[in-house]
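Student: I've got a structure open and I'd like to work through it with you. Can we pick one spot and go from there?

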Amino acid sequence: MTQDNSSQADAAGQNGGGDLFNTAAGWVLFAAGLGLGLSILSGKFFHGDKPERPEKLGYVIEGAVEETAGPAEMSIAEALNKVPQAELVAAGEKLFSKCKSCHTVNAGGANGSGPNLHGTMGKAVASHPGFAYSAELKAHGGSWDWDTMDAWLKNPKSYVPGTKMGFAGLPKVEERAAIAAYLNAQGSNVPLPAFTAAAPAEGAPAEGEAAAAAGAVADAEAGSDPKAAE
Ligand code: HEC
């Protein structure tokens, strides 16, 4: 590929640079920019030759690179509603192995280093009889619903600074939803949060931007090409 490029560049240097050179160089540069980044190649092939050309191409390719933002995490309401409850509860039961060293969940189960968690969903925070909660968790107030449980399981120490639950947290919302659904099936029955799927247009804005960018490329080429303006 590099050899092809330089032979085209040589040919263009001899005939002064025509439409063929512009078109071929544009495509080569576009492909190279996608894989390798633009700056090195544009400097190598265009420096001082046709100054207006790399400026425009560079602008277009930078715009294309900017479109790679990651999607936002889904809400726990969505995670709870997009998988059938039985599957979610089964997944939660497996994940609960991460909690078993400190918690039982059966009715009347013993407190360990953490309180028994039977019927915890829907119950007031820090209210299980016979467990010595930290002052911080006792002072927290409120009850365990989907949102509070989600925040707690994501990062207990940031949700309740000073808690003595020595667990780092579950970064994936799917895992938090599964454990919360499992807990909810152990002596609780809090109704699922409502969730309405958004219109199926998640990819649409990106496609629109791509189309606009393609339009901008066409405009730029038409604008810089004397033949196209005729
Ligand atoms: C290293 C031991 C440990 C592990 C592992 C652990 N916990 Fe805990 N958990 C605790 C302790 C200790 C408390 C009490 C915290 C306090 O009083 O500040 C607690 C409190 C809780 C509470 C609040 C209970 C209430 O009555 O208000 C919930 C809910 C809970 N844990 C869920 C879990 C889940 C789910 C997991 C697994 C993903 C887990 N914990 C893993 C030790 C642990």
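Tutor: Sure, let's start with Leu80, which touches Leu88, Trp146, Ala177, Ala181, Leu192 and Pro193, leaving out residues up to four places away in sequence. Touching, or being in contact, means that C-beta atoms, placed from the backbone, lie within 7 Å. Keep in mind that this is a predicted model, where local features need pLDDT of at least 70, side-chain atom pairs count only at pLDDT 80 or more, and totals for chains, interfaces and linings use all residues. Residues are numbered from 1 along each chain as its sequence is written.

Student: Is Leu80 buried or exposed?

Tutor: Count the C-beta atoms within 10 Å of a residue's own, placed from the backbone: 20 or more others means buried, 12 or fewer exposed, and in between partly exposed. Leu80 has 24 such neighbours inside 10 Å, so it counts as buried.

Student: Which helix is Leu80 in?

Tutor: Helices here are DSSP runs (H or I, at least four residues), numbered from the N terminus. The run covering residues 76–81 holds Leu80, and that's helix α5.

Student: Which element gives the largest share of the largest nonpolar core?

Tutor: A nonpolar core is a set of buried Ala, Val, Leu, Ile, Met, Phe, Trp, Tyr and Cys residues joined through C-beta atoms within 7 Å. This one has 19 residues, and Leu80, Met149, Ala177, Ala180 and Ala181 touch the most other members. Two or more residues come from each of α5, α8 (146–154) and α10 (173–184). The largest share, seven residues, comes from α10.

Terms used: Contact = placed C-beta atoms within 7 Å.
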